[in-house]
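Grab a pencil and work through these exercises with the sequence and the 3D view side by side. Try each task yourself before you read its solution.

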Amino acid sequence: MRIGIVPGSFDPVTKGHVDIIERSAPLVDKLVVAVFVNPGKDPWFSMAERVALLREATAHLPNVEVDSFSGLLNDYVQQRGSRLIIRGLRAFSDFEYEFQRALLLKSQEPLIETVFMMTRGEYSYISSSGVKELALFGGNVAAMVPAGVGAALQEKIRERRQRSGANGHT
Ligand code: ADP
């Protein structure tokens, strides 16, 4: 069975992510979307929330499973019996980071291949961080995120405002 892994922080999942997942799913027998703990990022959504939003956004894809992990990606890929990582590429600016990551991974496990899929033009400007920033300042993100994520973002913003209000910040 050919298993592909789509790793990411998905904080939260966007239509750009869903597009990469939809286009990758038919290329493998099983596609595992793996939410990981990224030590360099301070997430808005908990791991369980990110997994739940992804499950909802990919429910129409029968061979897609959503999982979470912490630790080394190459260990996880091997644990799942896979050799294939699929990553989305938006712009040239993504390239350097992705190139370095793919080579670092390869230095640990030469049998694992990272394959890149180009974004669809209309999603090339969408990022989780951009969507969060836009939502925070009252922008309309409905066209950029799957149904369900918009409401979850509003709820998060309310929670964050309440917390910072309680801390004396406005
Ligand atoms: P990470 O924290 O690993 O950068 P993200 O959750 O931001 O993870 O993204 C996961 C993957 O999806 C990455 O390969 C990223 O380049 C890709 N991606 C993010 N947004 C888009 C988009 N709009 N179109 C295509 N790929 C995207």
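**Exercise 1.** Decide whether Glu65 is buried, partly exposed or exposed, then find its salt-bridge partner Arg80 and place both in the chain.

*Solution.*
- Step 1: This is a predicted model, so let's work with its computed values. Glu65 has a relative accessibility of 24%. Buried means under 20% and exposed means over 50%, so Glu65 counts as partly exposed.
- Step 2: Do the same for Arg80. Its relative accessible area is 22%, so Arg80 is partly exposed too.
- Step 3: Look at the contact. The closest N and O atoms of Arg80 and Glu65 are 2.9 Å apart, and a salt bridge needs them within 4 Å.
- Step 4: Now place the two. Glu65 sits in strand S3 (residues 64-69) and Arg80 in the loop between H3 and S4, so the salt bridge ties together parts that are 15 residues apart in sequence.
- Step 5: Zoom out a little. Glu65 and Arg80 belong to a network of salt bridges that also links Lys30 and Asp67.

**Exercise 2.** How many salt bridges does the structure hold? Then describe the one between Asp11 and Lys132 and the one between Arg120 and Asp19.

*Solution.*
- Step 1: Start with the idea: side chains of opposite charge can pair when their charged atoms come close.
- Step 2: Count them up, and you get twelve salt bridges.
- Step 3: Take Asp11 and Lys132, whose closest N and O atoms are 2.8 Å apart. Asp11 is in the loop between S1 and H1 and Lys132 is in helix H5, so-called distant parts of the chain, 121 residues apart. Both Asp11 and Lys132 are buried.
- Step 4: Turn to Arg120 and Asp19, which meet at 2.8 Å, N to O. Here the loop between strand S5 (113-118) and H5 holds Arg120, while helix H1 holds Asp19, 101 residues away.
- Step 5: Check the cover on each. Arg120 has a relative accessible area of 36%, so it is partly exposed. Asp19 has just 3%, so it is buried.

**Exercise 3.** Work out which element gives the most to the lining of the largest pocket, and do the same for the second largest pocket.

*Solution.*
- Step 1: The largest pocket has about 660 Å³ of space. Its lining takes 31 residues, and nearest the centre are His17, Lys41, Arg87, Arg90 and Glu98.
- Step 2: Strand S1 (3-8), helix H1 (15-24), strand S4 (84-89), H4 and helix H5 (128-136) each give two or more residues to that lining. H4 gives the most, with five.
- Step 3: Sort the lining of the largest pocket by class: eleven nonpolar, twelve polar and eight charged.
- Step 4: The second largest pocket has about 310 Å³ of space. Its lining has 14 residues, with Gly71, Leu72, Leu73, Arg101 and Leu105 closest to the centre.
- Step 5: H4 supplies the largest share here as well, five residues. The classes are nine nonpolar, four polar and one charged.

**Exercise 4.** Which residues form a nonpolar patch on the surface, and how exposed is Phe99?

*Solution.*
- Step 1: The patch is made of Phe92, Phe95, Phe99 and Leu103, which together have about 470 Å² of accessible area.
- Step 2: Find Phe99 in helix H4 (residues 92-108). Its relative accessibility is 45%, so Phe99 counts as partly exposed.

Notes:
Residues are numbered from 1 along each chain as its sequence is written. This is a predicted model: local features need pLDDT of at least 70, side-chain atom pairs count only at pLDDT 80 or more; totals for chains, interfaces and linings use all residues. Side-chain values use heavy atoms; hydrogens and water are left out. Patches are made of residues with over 30% relative accessible area and no salt bridge: like charges are joined within 9 Å, nonpolar side chains (Val, Leu, Ile, Met, Phe, Trp, Tyr) within 5 Å. Accessible areas come from the Shrake-Rupley method with a 1.4 Å probe; for residues, only the protein chains shown count as cover. A salt bridge is a side-chain nitrogen of Lys or Arg within 4 Å of a carboxyl oxygen of Asp or Glu. Helices (H or I, at least four residues) and strands (E, at least two) are DSSP runs, numbered from the N terminus. Buried means under 20% relative accessible area, exposed over 50%, partly exposed in between (1.4 Å probe, protein chains only). On a 1 Å grid over the protein atoms alone, a cavity is a set of points where a 1.4 Å probe fits but cannot get out, and a pocket is an open set with protein on both sides within 12 Å along at least five of seven lines; lining residues have an atom within 4 Å of a point. Grid points are joined across faces, edges and corners, and a volume is the space filled by probe spheres set on the points. Ala, Val, Leu, Ile, Met, Phe, Trp, Tyr, Cys and Pro count as nonpolar, Asp, Glu, Lys and Arg as charged, and the others, Gly among them, as polar.
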